[in-house]
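User: Could you take a close look at one part of this model, the surroundings of a single loop residue with an unusual backbone angle, and then set that part against the rest of the chain? I would like one connected account, with the cut-offs stated.

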Amino acid sequence: MTAPQTITTDAISLHPPVDDDAQLVAELMDVPVSADRPAQIVRGWREHWDEHGYGAWIVQDADGRRVGFVGLRSHPDFIRVTIRVVEGEGGDDLAAQALRLVVGHSLEWLPDLPLRIRVAPEDIATRFVAESAGLVHVPDLDHVVDGDEWQVLELPYVRIADRIPPRAREAMLTMWVEVNDAGGAVGFVPGASEEQVAAVLDGYAAKLADGSTVCVALNSPLGELLGFGFVARATGATVAHTANLERIMTDPARRGTNHGALLMAGLHRGAREMGVELVTLDYRGGTGLGEFYTRYGYTEVGRIPGGVRVAPGDDRDGVIMARSL
């Protein structure tokens with residue numbers, strides 16, 4: 001399946017540029033639309049799309065107005081992202097929504113290269129938008145060009161693995177316990193011991209070894225574990241095209257940084273690389289996760305009333321969701 005060229009939500013939509021978008025570029029540059037430069041920029045964007053299959057996305061608000069762009073440009077060893085929106089009320093929010101969508105799409109579909117944005121140290125607004133989308137400041141990449149200082153933020157990356165190294169196991173175990181204690185619905189109740197969690201984690205290590213499952217980890221460019229989950233392929237000839245996503249979790253101390261969306265993108269990428277065409281997942285009712293998964297294309301396909309007993313007198317529905325890849 002090829003990457004979609006349009007991304008649509010209830011609030012905004014993103015699409016590749018057309019010639020008429022020169023008017024938007026002229027507005028952003030504060031020059032007449034008759035000037036040569038806006039049309040040249042749009043032509044360059046379209047040529048990049050033709051060559052690479054991705055590029056600048058034009059941002060439209062819920063009313064269909066073109067309000068800005070998120071640009072992606074290929075470099076030999078990374079992809080650079082830029083973002084501009086028209087000034088006005090709600091501009092930063094539109095920029096944040098657009099960037100979150102684009103980086104998730106990039107992690108799922110684009111070449112496995114670092115995605116980076118550079119911001120001036122005084123540009124607090126763009127820095128905030130980038131960090132809310134999940135990008136992380138990497139001081140070693142900061143640089144100076146023609147006397148101007150630039151700070152570089154990079155998108156977390158996904159590692160798809162068929163084994164769990166000892167150091168990774170320690171970080172995963174710590175996160176799993178923390179998610180449990182924070183009330184996360186990942187197979188245990190708050191207060192589960194490290195030994196209980198370790199037994200299940202080590203069970204997944206055996207599944208990785210036999211090739212039926214892969215681990216998908218979301219990692220900071222600085223090397224920190226941000227989240228993980230498993231893609232467990234179904235067994236049997238009639239269901240070999242399907243897989244279940246299991247134990248999906250992110251660092252509870254980093255909520256609000258788009259890591260859930262990035263991890264879902266990585267899980268879909270990992271499943272697609274396994275040749276999977278349809279994925280399922282299940283969650284504990286009463287957690288609000290149904291709304292979260294619906295945003296990423298999932299539909300409820302089954303419900304077991306009272307199928308999960310969290311505590312005596314606290315039975316929750318077990319909910320099953322699915323989506324095509």
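Analyst: What follows begins with the background, turns to the part around N258, and then moves outward to other sites.

The model is a predicted one, in which local features need a pLDDT of at least 70 and side-chain atom pairs count only at pLDDT 80 or more, whereas totals for chains, interfaces and linings use all residues. Residues are numbered from 1 along each chain as its sequence is written, and side-chain values rest on heavy atoms, with hydrogens and water left out.

The chain contains eight helices and 16 strands, where helices (H or I, at least four residues) and strands (E, at least two) are DSSP runs numbered from the N terminus. Its radius of gyration is 21 Å, which agrees with the value near 20 Å that a compact globule of 325 residues would have; the radius is taken over C-alpha atoms, and the globule rule is 2.2 Å times the number of residues to the power 0.38. Along the principal axes, the C-alpha atoms fill a box of roughly 70 × 40 × 40 Å. Of the 325 residues, 46% count as buried, a label given under 20% relative accessible area, with exposed meaning over 50% and partly exposed lying in between (1.4 Å probe, protein chains only). Among contacts with a separation of 6 or more, residues 24 or more positions apart account for 60%, a contact being heavy atoms within 4.5 Å.

The residue at the centre of your request is N258, which sits in the loop between β13 and α7 (259-273). Most residues other than glycine have a negative phi. N258, although it is not a glycine, has a positive phi of about 70 degrees. N258 counts as buried because its relative accessible area is 14%.

What lies against this residue? One of its partners is S132, which, with residues up to four places away in sequence set aside, touches A96, R100, G256, T257 and N258. S132 belongs to helix α4 (residues 124-132), and its relative accessible area of 12% makes S132 buried as well. The contacts of S132 therefore include G256, T257 and N258 along with A96 and R100.

Strand β13 (residues 242-250) holds a second residue with an uncommon backbone angle, R247. Phi of R247 is near 55 degrees, again a positive value in a residue other than glycine. Unlike the buried N258, R247 counts as partly exposed, at 26% relative accessibility.

Two further sites involve glutamates. E108 is placed in helix α3 (residues 91-109) and, at 11% relative accessibility, counts as buried; not counting residues up to four places away in sequence, E108 touches A265, H268, R269 and R272. E224, by contrast, is partly exposed, with a relative accessible area of 34%, and lies in the loop between β11 (213-219) and β12 (225-233). Beyond its neighbours within four places in sequence, E224 is in contact with L218, N219 and R254. With R254, the side chain of E224 makes a side-chain polar contact of 3.0 Å, a polar contact being a pair of N or O atoms within 3.5 Å; within protein, one atom must be able to donate a hydrogen and the other to accept it, and residues adjacent in sequence count only if both atoms are side-chain atoms. The C-alpha atoms of E224 and A171, 53 residues apart in sequence, are 8.6 Å apart in space.

Helix α5 (residues 166-181) includes D181, which is partly exposed, with a relative accessible area of 46%. A polar atom of the D181 side chain lies 3.0 Å from the backbone nitrogen of G191, and G191 is also among the contacts of D181 outside the nearest four places in sequence, together with P190 and A192.

Lastly, S13 in strand β2 (residues 12-15) is buried, with a relative accessible area of 15%. Setting aside neighbours within four places in sequence, the contacts of S13 are I7, T8, I58, V59 and Q60. Taken C-alpha to C-alpha, S13 and G134 are 20 Å apart in space and 121 residues apart in sequence.
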